[in-house]
Amino acid sequence: MAQVKQALHESMKFAEQTMAQVLQLESKFSEAQDTAAAAENARSEAEKKALSAAADAQQARERATIAEAQALDMMVKAEEAEERATTAEAQAHESIATAQEAQK
């Protein structure tokens, strides 16, 4: 009977140790799941930021293209204005020459 009690005691002790190990493993598994969830959240957040940055870059490119087109338009208008000014200056010189001829 003493041997049966001893075997039962050792069996209970082994069961308690096994249960303690199971609880430790469950705790480690839970920590691993929490870490994995945190990593997934960080990855998702990084992806959102990357997409936002890409959208911002695209908008900046579009604004730069518009600004370039406006600058080119302004250059064309400036050249046209310069041509009109040159023409007006030539006409003014011609008018002065004509007036001087008329006075003679």
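Does E82 count as buried or exposed, and at what relative accessibility? In this predicted model, E82 has a relative accessibility of 54%. Because the cut-off for an exposed residue is over 50%, E82 counts as exposed.

The residue belongs to the single helix of the protein chain: E82 is placed in helix 1, which covers residues 2-103. The chain contains one helix and zero strands. Its C-alpha trace spans about 150 × 10 × 5 Å along the principal axes. The radius of gyration of the protein chain is 44 Å, whereas a compact globule of 104 residues would have a value near 13 Å. Buried residues account for 0% of the 104 residues.

The protein chain exposes about 9400 Å², and 59% of this area is supplied by carbon and sulfur atoms. Charged side chains were also counted: 11 are positive and 19 are negative. The centres of these two sets lie 12 Å apart. On the surface, E82 gathers with E79, E80 and E83 in a patch of negative charge.

A nonpolar patch is found on the surface as well. M19, V22 and L23 make this patch, with an area of about 270 Å². M19 is placed in helix 1, and its relative accessible area is 48%. Because partly exposed residues lie between the limits of 20% and 50%, M19 is classed as partly exposed, whereas E82, at 54%, is classed as exposed.

Key:
Residues are numbered from 1 along each chain as its sequence is written. This is a predicted model: local features need pLDDT of at least 70, side-chain atom pairs count only at pLDDT 80 or more; totals for chains, interfaces and linings use all residues. Side-chain values use heavy atoms; hydrogens and water are left out. Helices (H or I, at least four residues) and strands (E, at least two) are DSSP runs, numbered from the N terminus. The radius of gyration is taken over C-alpha atoms; the globule rule is 2.2 Å times the number of residues to the power 0.38. Buried means under 20% relative accessible area, exposed over 50%, partly exposed in between (1.4 Å probe, protein chains only). Accessible areas come from the Shrake-Rupley method with a 1.4 Å probe; for residues, only the protein chains shown count as cover. Lys and Arg count as positive and Asp and Glu as negative; His and the chain ends are not counted. The place of a charge is taken as NZ of Lys, CZ of Arg, CG of Asp or CD of Glu. Patches are made of residues with over 30% relative accessible area and no salt bridge: like charges are joined within 9 Å, nonpolar side chains (Val, Leu, Ile, Met, Phe, Trp, Tyr) within 5 Å. A salt bridge is a side-chain nitrogen of Lys or Arg within 4 Å of a carboxyl oxygen of Asp or Glu.
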